[in-house]
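Thanks for asking me to look over this one with you. Please keep the viewer open while you read, and click through each residue as it comes up.

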Amino acid sequence: MTFQVNIPNSTGTEVLTIEAGSSVVIVGANGAGKTRLASYIEEQLGERTHRIAAHRALTLNPAVAKVSEREARLALKTGWNHQSSHIGLRTQNRWGGNAPVALLNDFDYLLQALFAEQTNTSLETHKSVRAGSSVEAKETRFEVLKHVWQSLLPHRELHISGDDIQVSPSGSSVCYSAADMSDGERAVFYMLGQSLVAEDDSLLIFDEPELHVHKSIMSRLWDELEAIRPDCGFLFITHDIDFACSRLADKYVISKFEPTPIWEINRVPDDSDFDENTLTLILGSRKPVLFVEGNENSLDLATYRCCYPGWTVIPRGSCEQVIHSVVTMRHNSSLTRVICSGLVDADDYSSEDSQHLAEPGIMTLPLSEIENIFVHPSIARKILSHEGFSGEELEEKLQGFCDEVIASISEENKESAVLRYCRRRIDRSLKKVDLSSAVTESQLKELLDQEISGLNIEVLASYARGRINEAIEEKDVVKLLSIYDNKGLLTIASTHLKSTRRAEFEHWLIRLFNNRSDSVVIEEVKNILPQIHGLPVAVPIT
């Protein structure tokens, strides 16, 4: 069974093909038209689809009235259990006439279908045994659901009778009603049930399948669902990049939506040189992309995202990874119309190096690392002003802070900073080594020896030590911050500027940046950070 989905775009139609036993994941940000796309596909394929909306009620009532299996299935599929109901009435009855936004409230119908199927299957087995048949009992859908549910949630056991569902802690005889299960437990039950009772050879559409389900069992849940319904195709529509990357599936990203309707979607390729998570984020971005050094540190990201609101900020680890990411994305410009740039720590780049980096759009910080910006005297002045200091008192506090920064540089701290500087310079030089011209082993050794001999560690260390000593002698904190990196400086800032601990100081800064108020601190940070060129006027700042 093959499902062909036609999605209108600005140039015609994007065709998605989903084979039975396989899945497709579509990722989109909030407002990208994900639910409208799910509704559109459901309407397009008619009876061949069964859609589970993101906006769904999960009230489980084991005491639901028991009805025939035909009635229950009809109600589950169309929203109405009357014998004259049909798929043409689905929009009105199942979705209340507004399929993209309606609350899906069909848990009762699902339970009725499961209870009815259990009754009919059990009766069939009973009759066979009474007739003397040796055929093994057929497994009910409830039994399949119970087995999978308990494998995913081994701390709980389901007890399903002919008219009730109860739960107990594993190994305990004390039961309670399934109505009192947690949101996550009910969500797993619901997803399993929906998949089990769907018509044969259906396309199952799950909008935001990650809702209420813990990440630790997310992948296993959908592995199990795909395994028990190999006759069906699965279409997942989500905003959760982690969920998307966890699935072995063809993946698409919605980059634009217009209510006409038109969706612009891009397939996530396998050969872009980006990891899947990053590439999905890039393709889904409505803003230009800014690659920065570091990781998911909240203070770093809060700073960059506040000061560069027109960009999607993606941390990439080291300077080399930032450079690689910018170059790779520009080489893959056919993937997306979004432009990119980069921002790296100073690392004492020469003017020639900085100019070379700027050619592909990579700017350098005026500081050794981004944390140093909160030790910068001009930022310190704004923080003290924010704290209510002014006039001579402010100047005295600021001078005391700067003196403490200089005084904190012990010989041990200085030598550690010099060693880190040398490592960075050596690492950067070695990454530039080109041995491709060597055609023999001896030539390879000769070329390598030449490159290594050019690395004079004594000269590098002397230069870094001299710069730091010069800054200390001149009591020039700004000059110091361009080459000296030490996480302890932020502790000094927290004590002298906010009279608090470092963790509380960082939390205050994060709140400041996240709120994006008209703070004088934020404005001064923006003044120190470099301007990133290449932001098109047409890109909205949202």
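Below are some numbered points on the structure, each meant to be read with the model on screen.

1. A word before we start: this is a predicted model. Please keep that in mind through every point that follows.

2. Let's begin inside, with the nonpolar cores. The largest one has 72 residues, and the members with the most contacts inside it are W149, F189, W222 and F291. Helix α6, which covers residues 183-197, gives this core its largest share, eight residues. There is also a second, separate core of 62 residues. Among the members of that second core are L481, L489, W508 and I532. As background, nonpolar side chains in soluble globular proteins tend to be buried together.

3. Now pick out F189 and show its neighbours. Which residues does F189 touch, once those up to four places away in sequence are left out? The list is L60, F107, L111, L114, F142, L145, W149, L158, I165 and M181. W149 is worth a second look here: it touches F189, and W149 is also named among the residues with the most contacts inside the largest core.

4. Next, the aromatic rings. The structure holds 15 aromatic pairs. Ring pairs join F206, W222, F234, F236 and F243 into a cluster. You have met W222 already, as one of the residues with the most contacts inside the largest core.

5. Two positively charged side chains sit over rings, and they make a nice pair to display. R51 lies over the face of W95, 3.9 Å from the ring centre. The charged end of K498 is placed over the ring of W508, at 4.2 Å from its centre. W508 also belongs to the second core.

6. Helix α2 (residues 69-78) deserves a point of its own. How many of its 10 residues are buried? Eight are, so to speak, under cover: E69, A72, R73, L74, A75, L76, K77 and T78. Notice that this list includes charged residues such as E69, R73 and K77. The elements that cover the buried residues include β4 (49-52), α3 (90-93), α4 (107-130), α5 (141-152) and α6. Just after the helix comes G79, with a positive phi near 90 degrees.

7. Helix α2 also helps to line a cavity. The structure has four cavities of 30 Å³ or more, and the largest has a volume of about 80 Å³. Its lining is made of E47, T49, H50, R73, L76, K77, V197, A198, E199 and S202. Both β4 and α2 supply at least two residues of this lining, with the largest share, three residues, coming from α2.

8. For open space, turn to the largest pocket, which holds about 650 Å³. It is lined by 28 residues, and those closest to its centre are I241, L281, S285, R305 and T312. Strand β10 (250-258), helix α9 (276-283) and strand β13 (312-315) each give at least two residues to the lining.

9. Some backbone details are easy to miss, so do zoom in. T260 and P261 are joined by a cis peptide bond, with omega about 5 degrees. P261 lies in the loop between β10 and β11 (262-267). H212 is not a glycine, yet its phi is positive, about 70 degrees. You will find H212 in the loop between β8 (203-207) and α7 (215-228). K475 also has a positive phi, near 50 degrees, and is a residue other than glycine. Its place is the loop between α17 (457-474) and α18 (477-481).

10. How much of these two residues can be reached from outside? H212 is partly exposed, with a relative accessible area of 45%. K475 counts as exposed because its relative accessibility is 55%, and the cut-off for exposed is over 50%.

11. Finally, try S23, which is found in strand β3 (residues 23-27). Is S23 buried or exposed? S23 is buried, because its relative accessible area is 5%, and buried means under 20%. Leaving out residues up to four places away in sequence, S23 touches E226, F234, F236, L248, A249 and D250. Two of those names, F234 and F236, are also in the aromatic cluster.

Technical notes
Residues numbered from 1 in each chain as written. Heavy atoms only, no water. Core = buried A, V, L, I, M, F, W, Y, C linked by side-chain atoms within 4.5 Å. Buried < 20%, exposed > 50% of the residue type's maximum accessible area, 1.4 Å probe, protein only. Helix = DSSP H or I, 4+ residues; strand = E, 2+ residues; numbered from the N terminus. Contact = heavy atoms within 4.5 Å. Phe/Tyr/Trp six-rings, centres within 6.5 Å; stacked < 30°, edge-to-face > 60°. Lys NZ or Arg CZ within 6 Å of the ring centre and 35° of its normal. 1 Å grid on protein atoms, 1.4 Å probe; cavity = no way out; pocket = protein on both sides within 12 Å on 5 of 7 lines; lining within 4 Å. Points joined across faces, edges and corners; volume = space filled by probe spheres on them.
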